[in-house]
Amino acid sequence: MNTIDFSPSHATRVAIFASYNKDNRVADYVVYMLGELRKVVDAIVFVADNDLDKKQIQRIAPYIDHAICHRHGSYDFGSYRIGYQWALTHGLLTDADELLMINDSCYGPVVPFEPIFSAMAGRTCDFWGLVDSNEGSHHIQSFFMAFRRQVFLSPIFSNFVNDFRKQEGGFWDYVDLYERRFTDVLESQGFVSDVYVKPDCEMVLAASLYSGNGNMTLWPLTMLRLGMPLVKVKAMTGAFGEDMQESPEAFLHELQTINPELAGIIQLDRIDRGFKREDRWCTAEQIVGSEQVVSFDIFDTLLQRPFLRPTDLFALMEKDLKLKGFAKRRIKAEREARRRHQHQADVTIDQIYTMMGTRYVGMKEVEMDYERRLLTPKTDGLRIYKEALRQGTTIIAVSDMYLPSAFLLSVLREKGYTAISEVFVSCEENACKDGGALFRKVMQKMGIKAGQMVHIGDNHQADIVSAENEGVRSVERRKDTDQLLLMPSMMRYEKLKKTPSLALSVNIALQAQHKASCGNVPDPFSQLGYELGGPLAVGYVEHIHRVAHEQGIDGLLFVSRDGYALYEVYKKLYPNDIKAYYIEASRTLIMRNRAHYEDGSYQQRVWQLYAEEQLDGQMVDESNCKTYEQDMEAWADDNAARYKAYVDSLNIEGERLMTVDMTTMAYTSLRLLTEVFGHRIYCGMFSTTHGDSSSYKVMSYDEHHWDDSDMDLVILEEELITAPLLSADSIGDDGSFVRDASNPTEVVRVDRYARILQGIMEYALDYHRLLDGHETRMTFDEWKQLAGNYLKYPNHGTIQLFNQVYHEDSLHQVYHSLTEEMGLETSGGSSNKGTPIHQMNVMRLRRKQHKHLRTIRLLIAVAATELILLALNWIL
């Protein structure tokens, strides 16, 4: 153990600084931080979880008052304990007002500490940090914590810190046992916490949903702009891996203008660690570099298909053209052609179709036409291409491909790559990129040397390793779907990638391209709409369209409120097809049009509405309904006339109408609209049915009759497909709808749904554009797979989002978040994997049963109240 002797003196602010270096050194960035820290503290106790010789200690001697340097293996918390105990026993805390615990996991400070401490001195709190997290539980992140005197001299603090012991389980044990519990332990004793940097709640939600992680230090540039004075070393050195969400290069570029000294220290430390910059964080300017020729791979670099698997192009052709077996035959023919022409480096599309037989004569041209129409520019590739164009470099394309170069060049230029001078393809050059032969041919034909060309592609072996083996600088830019599936938050898609479904393949590709093209982190509610609501709405609307044509339907009535989103999607996908109408037809709005119903529950509701509006809430029931019968019929006739005027204003055409709604148990919308339109209603279409059988003609998107075990997805459907409108309760004198805005939770739901709907519409437009009008017709079972995985593998982001989406009971009086309704939880802070859905079914069913029980109890209470009032009236 090496130490510096300390002579106790008056200290009002004391810091315990925890450090670890595997090479038993003090890094330059640690020296810099200690120097800056010393400007705002009176004493620093330096504790290293490694040995340091005197030469290393002397580097920090001007800034510290005591050093304890030996291997204890208890991570930073062990160092905090050792430093705290030393400071306490040596009287260093006797006069102290504030105790800091800081570790060396960050670079900084970006700006001086002094303004930060001044700002926090004005906050009413007992302990504070720079930033907090809600992952696992709310806690201040432990790389920087400040405790005021009333805290660090308290028994609870002393007991907790003295219990910082070595854990055999490693890093996550320290996080779970100490970091995530520290804040809660102190707050449970009445101590108040605060943090310096407070990102907007919606920003944190969006970031958490995007990354699946609640740690905002994964967003260093965002945090820098919010005033964060430190940046995690892991964020700058690649140690966060795929969790990292913002470019460290962009951070350093901005830091250079703020604190060039610190930027230089970070750069040198990265070099010292052997850090190699990840290609994914390179700017377009860095990628293009100074070479004379910029070479691009084509597929998944400049152009991309709307599929997870390239061969799904053949599956789409098979579905569209009703050529059963075409996809398998096309894949097999390519294999056969490669075997027959194995002396060639690659095969041509002509050679492939020679193996297809006479049944598929003319399909080569059809395939090439599909390629032309479905290929779209890749956002990342287009950005790099534009930079190469700006710099005036020669731009070429190099591809291992069976399609002819003339065709590919025409497609590239049609898609916006007009400055590409030449296209080199393996099937014509008899040389492939993999192995380097094609690169050698390209350089020979271009008359350049290896150092004069940079190649950009997505295939690590063919585009990167092979190019570099030929001396060509290469840059790897992942295909969008690969990048999506590598994200920890996207495990739900990783689990679907082997599913042989064309619809799911297209959906994954759309999700990947959407994430890649967003630029900024999308609104969390919009993202929910894009990921789950969009596929459901588009798949259901395609089903409605197909069935409507099969049944000879001449008008579609999309019923409020759930029909709103479907109506909007239908208009985008089929603007000139079967006429569609959105009709306000809430239960309350239509039931008030009649004074008498055979259904007892309907009659009770009509009496209630009449009493509320005409009798100042005085109760109407079987005992006194005759008294008000004539007036109530006049009231109902007036409502009916207003509703008829509204319906007439829609100018609904057609004698064979289909109503469209989401989930149903009692077929209410179909029943009520049949009373309005009579025989013109031919059938009702629902997404799912779960309840009694119907005497009406009913069709369903889902082929199955649901039961309580499917309730989670029923609830999810209801919140994904609805309207950004409050329910219409009545029609006013001026013909406008009266909507009840008295329920604040319902108002919040409407506001958030408008954002969910935005995501749904973006998905519908992207789907239509990228598929060029083709359809995949996602089945409801396929959507269930998608949504089921969303629930089966929840992460911190999805749970936080579902905490803010509310589902109401059948009386619209009790609301619960989707997280509560579905029993969502992750299996712990050290993993993004959630509890498998089959383990939660019993718990969810119990929740649903309790929900129904609450409704029944409320109805009983209402009935009991009515009986009491009747008894009082009789007595009086």
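## A strand in the middle of a sheet

In strand E3, Phe46 is the bridge partner of Phe17. Strands here (E, at least two residues) and helices (H or I, at least four) are DSSP runs, numbered from the N terminus. The model is a predicted one, in which local features need pLDDT of at least 70, side-chain atom pairs count only at pLDDT 80 or more, and totals for chains, interfaces and linings use all residues. Residues are numbered from 1 along each chain as its sequence is written, and side-chain values use heavy atoms, with hydrogens and water left out.

Phe17 belongs to strand E2 (residues 13-19), where seven of seven residues are buried. Buried means under 20% relative accessible area, exposed over 50%, and partly exposed in between (1.4 Å probe, protein chains only). Arg13, Ala15, Phe17 and Ser19 point one way from E2, while Val14, Ile16 and Ala18 point the other way. E2 runs parallel to E3 (residues 43-48), with six bridges between them. Six bridges also join E2 to strand E5 (residues 98-103), again in parallel, and in E5 Phe17 has Ile102 as its bridge partner. Two strands are said to pair if DSSP finds at least two bridges between them.

Together, E2, helix H1 (residues 28-38) and E3 form a right-handed β-α-β unit. A crossover is right-handed if, with the strands pointing away from the viewer, the path from the first strand over the helix to the second runs clockwise.

## The nonpolar cores

Phe46 appears again in the largest nonpolar core, where, of 196 residues, Phe46 and Leu556 touch the most other members. Helix H26 (residues 524-550) gives the most to this core, namely 12 residues. Such a core is a set of buried Ala, Val, Leu, Ile, Met, Phe, Trp, Tyr and Cys residues joined through side-chain atoms within 4.5 Å.

Beyond its neighbours within four places in sequence, Leu556 has contacts that include Ile544, Ala548, Tyr570 and Val660. Contact means heavy atoms within 4.5 Å. A second, separate core has 37 residues, among them Tyr581, Leu589, Val606 and Trp607.

## Helix H29

Val606 and Trp607 are among the buried residues of helix H29, as are Tyr602, Gln603, Leu609, Tyr610 and Ala611. The buried residues of this helix pack against helix H28 (587-591), helix H30 (629-650) and helix H31 (668-677).

The 15 residues of H29 (residues 600-614) should span 21 Å at 1.5 Å a residue, and the end C-alpha atoms are 21 Å apart, which agrees. The expected span is 1.5 Å times one less than the number of residues. After H29 comes Asp616, with a positive phi near 55 degrees.

## Helix H14 and the loop after it

In helix H14, the residues Asp312, Leu313, Phe314, Leu316 and Met317 are buried. They pack against H15, helix H17 (363-374) and H25. Lys322, which follows H14, has a positive phi near 55 degrees.

Leu323 lies in the loop between H14 (312-321) and H15 (326-340). Leu323 counts as buried because its relative accessibility is 18%. Outside its neighbours within four places in sequence, Leu323 is in contact with Glu318, Arg359 and Met363. Leu323 and Arg359 are 36 residues apart in sequence, with their C-alpha atoms 9.9 Å apart in space.

## Cysteines

A disulfide is counted when two cysteine sulfur atoms lie within 2.5 Å, and by this rule the count is zero. The sulfur of Cys432 is 9.4 Å from the closest cysteine sulfur, in Cys427, and is therefore too far for a bond. Cys432 is buried, with a relative accessible area of 19%.
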